[in-house]
Amino acid sequence: MCGIIGAVAQRNIVPVLIDGLRHLEYRGYDSCGVAAIVGGTAWCARSVSRVADLEQQIQNTQLVGETGIAHTRWATHGAPVTHNAHPIFSHDTIAIVHNGIIENYENLREGLRTDGYQFVTQTDTEVIAHLIYSLYRGDLFSAVREAVKQLHGAYAIAVFSKDQPHRVCGARAGSPLVVRLGQQENFLASDTLALTGSTDRFIFLEEGDVVELTLDGVRIADRYCSLVQRKIHMVKAHGSAVELGPYRHFMQKEIFEQPQAISDTIAQTDAFDPELFGSTASDVFNEINSLLILACGTSYYSGLTAKYWLESIAKIPTQVEIASEYRYRDSVPNSASLVIAISQSGETADTLAALKHARALGHSHTMAVCNVVSSTIAKLTTLRSMTHAGTEIGVASTKAFTTQLVALFVLAVTLGRLRGHVDASLQAHYLKQLRHLPSALNSVLALEPHIIAWAEEFSCKENALFLGRGMHYPIALEGALKLKEISYIHAEAYPAGELKHGPLALVTEAMPVVTIAPNDTLLAKLKANIQEVRARGGQLYVFADTDTRIVNNEGLHVIRMPEHYGLLSPILHVVPLQLLAYHTACARGTDIDKPRNLAKSVTVE
Ligand code: G6P
């Protein structure tokens with residue numbers, strides 16, 4: 001999604017802005033731009049290509065400036081063409097970059113048109129630019145504070161006025177914005193990643209805040225227009241997160257980081273203690289009689305997998321809903337239910353809105369399973385389970401997913417213990433299995449060369465079916481999603497028992513059928529499903545636990561996984577599916593870390 005960076009300094013900040021944009025590229029974008037004040041004039045460059053193209057334009061013009069803003073845009077209002085790329089201007093004076101959507105922009109635009117303002121873009125952003133210009137009397141901070149009072153919707157903005165150099169203002173509502181404090185220089189961005197350095201001092205702006213950056217410091221006004229002080233956080237440099245190291249893509253790097261990410265996520269889990277989730281967790285867990293999980297995308301699939309654990313280990317009724325559906329349907333609230341929002345970023349607009357909707361319906365018990373401690377979702381909930389996946393850059397989520405699974409498994413065992421379904425010896429067994437998981441994952445990662453050979457075959461396919469049963473069905477869904485997202489091969493996942501109710505009609509020699517075959521209680525049923533596909537000439541690609549004794553045969557290609565890993569088996573089985581999608585996409589030459597039309601953090605509806 002869109003990314004923002006802004007800076008004031010006594011040095012040329014254009015390279016800082018470009019570097020920031022490079023670090024925001026992972027979020028997904030279709031155009032980009034930069035504006036700086038140069039000798040009392042606002043100068044601007046835009047590109048509908050990559051940040052590298054923008055950089056080239058800047059090198060050609062040898063632009064230098066000490067005040068500037070920059071943006072990566074993911075089009076919502078107006079096509080991704082040069083004139084809609086941000087920064088957007090009003091009267092060559094006010095320059096603005098904007099994330100989010102202004103819901104009342106049509107009304108505002110009509111009013112401004114009546115006042116003689118002309119619109120040259122199809123964006124909602126131009127309305128904000130003109131609005132600020134109309135209120136500007138030489139004090140940008142005051143004009144921005146007045147302007148945002150009229151905006152409805154979600155936004156983060158950064159603005160400068162060409163006649164106030166060394167001053168950039170920002171505002172946020174529903175979209176994150178952070179400030180990095182420097183020595184006689186200050187910065188603003190939508191994501192700390194855009195502002196790398198050594199250990200840095202950051203302020204995470206709160207809902208409704210308006211900020212003014214100058215060389216000497218920052219001023220912040222809250223939603224009531226009162227000047228406030230916000231806490232300064234020390235944030236460690238993201239150095240290694242934004243370096244590829246020996247890997248070809250961030251997705252590959254992040255797949256291989258999973259053993260470490262899981263190890264970091266369970267580092268605090270010595271016992272399955274409710275305190276892990278917050279100081280009030282014990283009381284909340286004793287009060288609740290069900291769970292309602294809300295999430296989008298890959299996070300939704302981690303919720304679907306967790307449902308199997310929560311109902312089997314903790315025997316607690318669990319409902320999992322796609323956030324964008326839940327927020328708009330009539331549901332029956334249960335105040336004794338714990339609402340769990342799962343979100344890697346903690347900023348996904350639909351998940352956030354669904355959480356707020358649940359609260360408005362009277363759900364007071366809320367929990368976040370989240371990877372970003374400073375995120376809106378993590379701040380909004382009373383309980384928290386933080387994953388420690390580190391920064392995930394690849395748009396296709398991998399390590400965030402497996403760390404969410406681990407966090408949710410810990411929750412299931414904790415609830416199971418409190419509800420009297422998990423005794424001490426079972427706890428010790430689950431703890432041992434969790435601790436061994438990173439090394440079990442390493443042995444799955446070692447299968448990469450075999451998977452590369454399959455990926456070559458997959459790269460010339462246009463369709464694929466994924467089958468799983470029980471708690472591996474959501475893993476099949478995730479495997480199909482990964483393949484779609486980055487290789488653009490159409491893929492569908494089914495619970496294998498549903499095969500004969502429709503998808504079997506699609507099975508021919510041209511249709512690869514990826515099958516997850518753990519050695520669990522459903523194995524005999526799954527073997528029967530495999531035969532149904534073979535009998536129709538389908539080509540099966542089976543990830544089989546070594547103790548299943550499924551072996552290569554005509555039409556049956558097998559990669560042997562380690563021995564069955566019990567309830568944690570889904571975490572092992574998703575990894576080869578990630579690798580299959582990754583290497584298939586490599587063979588097809590797609591832009592793996594930035595797949596077309598997709599964004600890392602979907603902060604608009
Ligand atoms: C986008 C990303 C997915 C992610 C989903 C939910 O679609 O491309 O990888 O699963 O958003 O994101 P969240 O940050 O809420 O987990």
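**View 1. E478 makes a side-chain polar contact with T298 in this predicted model.** The two side chains approach to 3.1 Å (a polar contact is a pair of N or O atoms within 3.5 Å; within protein, one must be able to donate a hydrogen and the other to accept it, and residues adjacent in sequence count only if both atoms are side-chain atoms). E478 belongs to helix α16, residues 473-487 (helices, H or I, at least four residues, and strands, E, at least two, are DSSP runs numbered from the N terminus). E478 is buried, at 0% relative accessible area (buried is under 20%, exposed over 50%, partly exposed in between, with a 1.4 Å probe and protein chains only). Leaving aside residues up to four places away in sequence, E478 touches T298, Y301, S397, F401 and V574 (contact means heavy atoms within 4.5 Å).

Residues are numbered from 1 along each chain as its sequence is written, and side-chain values use heavy atoms, without hydrogens or water. As the model is predicted, local features need pLDDT of at least 70 and side-chain atom pairs count only at pLDDT 80 or more, while totals for chains, interfaces and linings use all residues.

**View 2. Strand β6 is enclosed and pairs with β5 and β7.** In β6 (residues 94-102), 9 of the 9 residues are buried, so the strand is largely enclosed by the rest of the structure. β5 (residues 88-90) joins β6 through 3 bridges, antiparallel (two strands pair if DSSP finds at least two bridges between them). S90 has I94 of β6 as its bridge partner. The hairpin of β5 and β6 has 3 residues between the strands, and H91 there takes a positive phi near 55 degrees. β7 (residues 153-161) pairs with β6 over 9 bridges, again antiparallel. N99 is bridged to A156 in β7.

**View 3. An open sheet of 8 strands is antiparallel in its pairing.** The order is β3-β2-β4-β1-β10-β9-β11-β15. β3 (41-47) and β15 (233-235) are the edge strands; each has a single partner, so one side of each lacks a neighbour in the sheet. From one strand to the next, the twist averages 20 degrees (axes are lines fitted to C-alpha atoms, for helices over the stretch in contact, and angles run from 0 to 180 degrees between N-to-C directions). Between β9 (residues 178-181) and β11 (residues 200-204) there are 4 bridges. L181 stands opposite R201 of β11.

**View 4. Helices α1 and α2 lie across strands of the sheet.** α1 crosses β1, β2, β4 and β10 (186-189), at about 160 degrees to β1. α2 crosses β2, β3 and β4, at about 140 degrees to β3. Buried residues of α1 (residues 14-24) are V14, L17, I18, G20, L21, H23 and L24. They pack against β1 (3-8), β2 (31-38), α2 (51-61) and β4 (67-73).

**View 5. F409 and Y430 form an edge-to-face aromatic pair.** The centres are 5.3 Å apart and the planes stand at 90 degrees (rings of Phe, Tyr and Trp, its six-membered ring, pair if their centres lie within 6.5 Å; planes under 30 degrees apart are stacked, over 60 edge-to-face, the rest tilted). F409 sits in α13 (residues 399-418) and Y430 in α14 (residues 424-445), 21 residues apart. Both are buried: F409 at 0%, Y430 at 8%. The structure holds 10 aromatic pairs.
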